[in-house]
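Welcome, and thanks for taking a look at this one with us. Here is a short tour, grouped by topic, to read alongside the model.

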Amino acid sequence: MRLALEEARAAAAIGEVPIGAIVVRGERVLGRAHNLTRCWADATAHAEMLAIRQALATLGSGRLVGSVLYSTLEPCAMCAGAMVLARVDMLVFGARDPKAGAAGSVYDLVRSPWLNHRLTVVSGVLGKECGSLISRFFGELRRAP
């Protein structure tokens, strides 16, 4: 999760929403990324999506069986769906997203009995630190002229 926090800080440094994600298998980092939705003007450039794409490219495969995705924020429906489709085994996230979280807060796509793959979920890992980054970011946005 500390690597994901590094990515989130890198996002904040360039004016992006501070969310970072890492995909690992064993001790090997397969992909790491932070949000780039603003820089790229691309609504799909979430940290989790970019980390998944990088991990798939690293492996040269369409599946991430045996992998763990660490995210500083509970994933949205798009990212949760991508994790299911890529067959990520476990999701570990920091802060809950009570507005759009799709790993237990609003939806639970990653553990849906109607889908053909389910992830193990661990939440709250460094949650206060992850949440404070996001809260600070949006607080500063609201104060900006």
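Leaving aside residues up to four places away in sequence, G62 touches L56, L85 and A86. Please keep in mind that this is a predicted model. The notes below start at G62, then turn to helix α5, its aromatic pair, the largest pocket and A10.

**G62 and its surroundings**
- G62 sits in the loop that runs between α3 (47-59) and β3.
- G62 counts as partly exposed because its relative accessibility is 47%, and the partly exposed class ends at 50%.
- From G62 to S105 the C-alpha to C-alpha distance is 28 Å, with their positions 43 residues apart in sequence.

**Helix α5**
- Helix α5 covers residues 127-143, 17 residues in total.
- From its first C-alpha to its last, α5 reaches 24 Å, close to the 24 Å expected at 1.5 Å a residue.
- Which residues of α5 are buried? They are G127, C130, G131, L133, I134, F137 and G139.
- As general background, residues three or four places apart in an α-helix point the same way, because there are 3.6 residues a turn.
- The packing partners of the buried α5 residues are two helices, α1 (2-13) and α2 (37-40), and two strands, β3 (68-73) and β4 (90-95).

**The aromatic pair**
- The model has 1 aromatic pair by the rule used here.
- That pair is F137 with F138, with ring centres 5.1 Å apart and 85 degrees between the planes.
- The pair counts as edge-to-face because its angle of 85 degrees is over the cut-off of 60.
- Is each ring's residue buried or partly exposed? F137 is buried, because its 11% relative accessibility is under 20%, whereas F138, with a relative accessible area of 31%, is partly exposed.

**The largest pocket**
- The volume of the largest pocket is about 450 Å³.
- Its lining has 19 residues, and those closest to the pocket centre are I19, L73, D97, I134 and F138.
- Helix α5 gives the largest share of this lining, with 3 residues.
- By type, the lining holds 10 nonpolar, 4 polar and 5 charged residues.
- Two names return here: I134 is among the buried residues of α5, and F138 belongs to the aromatic pair.

**A10 in helix α1**
- A10 lies in helix α1.
- A10 is partly exposed because its relative accessible area is 30%, which falls between the 20% and 50% limits.
- A10 and V106 lie 96 residues apart along the sequence, and their C-alpha atoms are 27 Å apart in space.

Methods. Residues are numbered from 1 along each chain as its sequence is written. This is a predicted model: local features need pLDDT of at least 70, side-chain atom pairs count only at pLDDT 80 or more; totals for chains, interfaces and linings use all residues. Side-chain values use heavy atoms; hydrogens and water are left out. Rings of Phe, Tyr and Trp (its six-membered ring) pair if their centres lie within 6.5 Å; planes under 30 degrees apart count as stacked, over 60 as edge-to-face and the rest as tilted. Buried means under 20% relative accessible area, exposed over 50%, partly exposed in between (1.4 Å probe, protein chains only). Helices (H or I, at least four residues) and strands (E, at least two) are DSSP runs, numbered from the N terminus. The expected span of a helix is 1.5 Å times one less than its number of residues. Contact means heavy atoms within 4.5 Å. On a 1 Å grid over the protein atoms alone, a cavity is a set of points where a 1.4 Å probe fits but cannot get out, and a pocket is an open set with protein on both sides within 12 Å along at least five of seven lines; lining residues have an atom within 4 Å of a point. Grid points are joined across faces, edges and corners, and a volume is the space filled by probe spheres set on the points. Ala, Val, Leu, Ile, Met, Phe, Trp, Tyr, Cys and Pro count as nonpolar, Asp, Glu, Lys and Arg as charged, and the others, Gly among them, as polar.
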